[in-house]
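Colleague: Before I trust the labels on this model, I would like to hear the reasoning behind them. Could you take me through them one at a time?

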Amino acid sequence: MSTAADFAATRKGARTHLDALDLYGVRASLSDEERMVQDSVARFVDDRVLPVIRKHFEEHSFPRDLVPGLAELGLLGSSLEGYGCAGMNAVSYGLICQELERGDSGIRSFVSVQSSLCMYPIHAYGSDEQKERFLPRMATGELIGCFGLTEPHGGSDPGNMKTHAKRRGRDWVLNGSKMWITNAPIADLAIVWARTDEGIRGFIVEKGMRGLAAPEIERKFSLRASATGALYFEDVVVPEANVLPGTTIGLKAPLSCLTQARYGITWGVIGAAQACLAQLLDYTQTRILFGRPLAANQAIQIRLAEMARGITGAQLLALQLGRLKDQGRMHPTQVSLAKWNNCRIALDIARDARDMLGGSGISAEYVPIRHALNLESVITYEGTETIHQLTIGRELTGINAF
Ligand code: TGC
Ligand code: FAD
């Protein structure tokens, strides 16, 4: 009877120089600086995230003590210029997301929200005073932000929001609610989008303002290492100094923030898929069934090859998107296609990896079930799969079918 060692020896002979997680050598096409960023985040994930993430997932808690380390590496607002931010390029931001999500989607979510959904709108649309006041302390992680767009009655159609702000002298009075808000329970400030008599505008709502509540949504089966909450506003008085002055009236500004965060997600989910494939490659070579390693079966190899095909396509799409973004040529519809494609591939890989681990696949000892559960959120938030498909359909046909 053959042993795992015999098969390992055969496999060695057949081995090529290709990296199973990077078949087309995306890493080799990065600049030295981009590789350095990737390596430093990878080290952080190996040393700080992976040892604790399972416990946090099981306990449904956000590992807040990781925040100073994320900040020290320049990962908060990493693409922004000035105000203590690192000013990295878009590809580096993508690589940051990829490595963080290899650890857990919850950690990438924290960084996405802080960077793309909170610091970005303040940087892009805020007054000089708002930038000076908030950005440096957000870059160090001293202040944590959240982004309130989705409402309980339907997140896919934010244009139908009910939360409203009415002028009262020099102030605004805010009423309404937001749902499914990442970081809400731990946030010091919220970028809140509300309807006004002039149209939709952005407000910086600060913790401690009377009438604001941010309860945690408990008992999630997904993103358990991320703090998700609701936001309730009952006659919250927001000073004019906290209105984002540079936003155009309407959805354009909040949607521009989503474009930044969706871009990061297209890279992030690759990390989750790679973590699943890496574990599966080990597992299928050492698990002996019917006298040979699982990996020696054609049916298993085809499934592994499918995973590698999916990851490779996702990597090339993300890299090209990043290069377009760095050249200032990225279009939101391209982001929709990549977000849809890469989330779908990552989720399918995580689910299939779970299955190939058999019973072990439902254990927290192995990563696929955690990634699969997380990816159920990632494919839903920042625009569901259907929303991105319809966005592409609209681009192709010129017909709005939402
Ligand atoms: P529509 O007429 O299409 O657009 C209004 C204006 O905005 C412009 N625009 C965009 N600009 C930048 N980036 C984009 N992605 C843009 N999409 C549209 C557009 O050109 C237009 O400008 P103008 O000058 O003509 O006024 O608006 P619509 O009401 O038809 O909505 C379209 C639709 C359905 C695609 C949009 O509402 C949508 O994307 N819905 C999904 C909502 C969503 O993704 N919510 C995410 C909430 S945040 C979140 O989930 C965070 S999870 C974070 C984490 O933990 O990682
Ligand atoms: P709905 O909009 O009610 O959609 C329900 C279903 O209908 C979906 O399958 C959808 O694809 C489908 N659908 C919708 N419209 C159409 C149509 N025209 N045709 C066919 N099908 C359609 N939001 C924030 O603002 N900030 C955050 O930080 C944030 N963090 C999140 C964290 C988590 C863990 C989760 C789960 C969500 C988060 N969200 C956040 C909300 C997220 O963006 C929304 O859940 C998402 O946009 C979908 O909105 P919904 O849940 O209301 O679903």
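Modeller: This is a predicted model, and a residue is near a molecule if one of its heavy atoms lies within 4 Å of it. By that cut-off 18 residues surround ligand 2, and the closest are T150, G155, S156, W180 and T384.

Colleague: What makes the pair between S156 and ligand 2 a polar contact?

Modeller: An N or O atom in the side chain of S156 is 2.6 Å from an oxygen atom of ligand 2, and because the limit for such a pair is 3.5 Å, this one counts as a polar contact. A polar side-chain atom of T384, which lies 2.7 Å from an oxygen atom of ligand 2, therefore qualifies too, and so does a backbone N or O atom of L149, at 3.0 Å from an oxygen atom of the ligand. Of the 980 Å² of accessible area that ligand 2 has on its own, the protein covers 67%.

Colleague: Which elements supply at least two residues each of the shell around ligand 2?

Modeller: They are strand 3 (171-182) and helix 11 (385-397), and strand 3 gives the most, with three residues.

Colleague: Why is one residue of that shell called charged?

Modeller: The shell divides into eight nonpolar, nine polar and one charged; Asp, Glu, Lys and Arg count as charged, so one residue of the shell belongs to that group.

Colleague: What space does ligand 2 take?

Modeller: Ligand 2 takes the space of the largest pocket, which holds about 1300 Å³ and is lined by 49 residues. Helix 7 (252-286) gives the most to that lining, with eight residues.

Terms used
Residues are numbered from 1 along each chain as its sequence is written. Chains are lettered from A and ligands numbered from 1 in the order in which they are written. This is a predicted model: local features need pLDDT of at least 70, side-chain atom pairs count only at pLDDT 80 or more; totals for chains, interfaces and linings use all residues. Side-chain values use heavy atoms; hydrogens and water are left out. A polar contact is a pair of N or O atoms within 3.5 Å; within protein, one must be able to donate a hydrogen and the other to accept it, and residues adjacent in sequence count only if both atoms are side-chain atoms. Accessible areas come from the Shrake-Rupley method with a 1.4 Å probe; for residues, only the protein chains shown count as cover. On a 1 Å grid over the protein atoms alone, a cavity is a set of points where a 1.4 Å probe fits but cannot get out, and a pocket is an open set with protein on both sides within 12 Å along at least five of seven lines; lining residues have an atom within 4 Å of a point. A molecule sits in a cavity or pocket if more than half of its atoms lie within 2 Å of its grid points. Helices (H or I, at least four residues) and strands (E, at least two) are DSSP runs, numbered from the N terminus. Grid points are joined across faces, edges and corners, and a volume is the space filled by probe spheres set on the points.
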